[in-house]
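Let's take a walk through this fold together. Please have the sequence and the coordinates open as you read.

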Amino acid sequence: MLQEPRPRPPLTVLLATPRGFCAGVDRAIQIVERAIEKYGAPVYVRHEIVHNRHVVERLKDLGAVFVEELSECPTDRPVVFSAHGVPKSVPAEAKGRQMLYLDATCPLVSKVHVEAQRHYDAGKEIVLIGHAGHPEVVGTMGQLPDGVVKLIETVEDARAFNPIDPANVAFATQTTLSVDDTAEIVAALRERFPDIAAPHKEDICYATTNRQEAVKAISARADVLLVLGSANSSNSVRLVEVGKRSGAKGAYLIDDAHGLDLAWLDGAASVGVTAGASAPELLVQGLIDRLAEAFDVTVEEVDTVRETVSFKLPRKLTADA
């Protein structure tokens, strides 16, 4: 006699909105795709175009070749600079080698570069709040001469920083930081340097802020939070941290549905799901499908804000051949 299949336990999936691709990531991926269409394969890309393994592998299949340094690129093929931005020395080298290059730097990262230059031109001593070694930080610090920009990673760093002239300091920030952590660091700087010059507009980008707010909204109700994104994606890692602080009993970063451990959901009635700004939406659907194999899933979309931002592609790709 056949046994009846065991009923699947109910599980509410709280789906964060907004999630996934931001305008800067979407633009960067399009730049690589359009470059391959226009110039043919291979098209070289300096550093991962965005920090997501699935995106990178798909672009490799289309004909992109990913390298870490410009010296690895031949001069007769196009090269794309990643969304994170590059030091000024990189386009200078490309020009010197007479290379065709396309800059996929997110316009909101470029805004930070412009601000850093403005502070430098005004004679300010500049501190950058960010994570050492992250390509965005390397690119921003590389807009100015070596040693000009001081990196601050923690509140302790802010308290230890000793400028030449405390009345002549300015700060900028990486675009993908924790909003709350950064606010604490900025508060520490302002406490010591009341006249510190701030960005005209918040450096942490709209997409990072919106995704963190969406995670806060679902984590207060979720037993477990699942964040889709790669481990080297700063904004994705921050979403896990925000989820833990905001009430989720467990929060995990996974590349895709294959990274899900169902043991994490033992006894859970609700799970929050989101995706970092460089994670494609198909990964979200794949995760929901995986959850539906083990649970009787009800999906509730938790909508915090609608994003309408878009960025133009470089003229080299949109002009007639």
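What follows is a tour of one helix, its packing partners and the sheets of this model.

The model is a predicted one, so please read every value below as computed from it.

**Helix H1**

A good place to begin is helix H1, which covers residues 23-39. Its 17 residues should span 24 Å at 1.5 Å a residue, and the end C-alpha atoms are indeed 24 Å apart, so expectation and model agree. Many side chains here are hidden: Ala23, Gly24, Val25, Arg27, Ala28, Ile29, Ile31, Val32, Ala35 and Ile36 are buried. An α-helix has 3.6 residues a turn, so residues three or four places apart point the same way. Glutamine 30, also in H1, has a relative accessibility of 26% and therefore counts as partly exposed. The C-alpha atom of glutamine 30 lies 7.9 Å from that of leucine 313, although 283 residues separate the two along the chain. After H1 comes glycine 40, with a positive phi near 80°.

**How H1 packs**

Which helix packs with H1 at an angle of about 10°? The partner is H2 (residues 53-62), and the two axes are 10 Å apart. The two helices are therefore roughly parallel to each other. On the H1 side, Ile29, Val32, Glu33 and Ile36 take part, and they meet Val55, Arg58, Leu59 and Leu62 of H2. By class, this contact holds six nonpolar, two charged and no polar residues.

H1 also lies across strands E2 (43-46), E3, E4 and E5, and runs at about 160° to E5. These strands form an open sheet of four, in the order E3-E2-E4-E5, with parallel pairing. At its edges stand E3 (64-67) and E5 (101-103); each has a single partner strand, so one side of each has no neighbour in the sheet. From one strand to the next, the twist averages 25°.

**A five-stranded sheet**

Another open sheet has five strands in the order E10-E9-E11-E1-E12, again with parallel pairing. Its edge strands are E10 (250-254) and E12 (296-303), each with a single partner, so one side of each is left without a neighbour in the sheet. Here the twist averages 25° from one strand to the next. Helix H10 (residues 281-294) packs on this sheet, where it touches E1, E9, E10, E11 and E12, and its direction makes about 160° with that of E11.

**Strand E6 and the pairings**

How many of the five residues of strand E6 (residues 125-129) are buried? Five of the five are, so E6 is largely enclosed by the rest of the structure. In a regular strand the side chains alternate between the two faces of the sheet. In E6, Glu125, Val127 and Ile129 point one way, while Ile126 and Leu128 point the other way, and all are buried.

The table collects strand pairs, with one pair of facing residues for each.

| Strand pair | Sense | Bridges | Facing residues |
|---|---|---|---|
| E1 and E12 | parallel | eight | proline 10 and aspartate 296 |
| E4 and E5 | parallel | three | valine 79 and tyrosine 101 |
| E6 and E8 | parallel | five | isoleucine 126 and alanine 170 |
| E6 and E7 | parallel | four | valine 127 and lysine 150 |

E6 thus has E8 (residues 169-173) as a parallel partner, and E7 (residues 149-152) pairs with E6 in the parallel sense too.

Conventions:
Residues numbered from 1 in each chain as written. Predicted model: local features only at pLDDT ≥ 70, side-chain atom pairs only at ≥ 80, totals over all residues. Heavy atoms only, no water. Expected span 1.5 Å × (residues − 1). Buried < 20%, exposed > 50% of the residue type's maximum accessible area, 1.4 Å probe, protein only. Pairing = 2+ DSSP bridges. Axes fitted to C-alpha atoms, helices over the stretch in contact; angles between N-to-C directions. Contact = heavy atoms within 4.5 Å. Parallel < 35°, antiparallel > 145°, perpendicular 65-115°, else oblique. Nonpolar A, V, L, I, M, F, W, Y, C, P; charged D, E, K, R; others polar.
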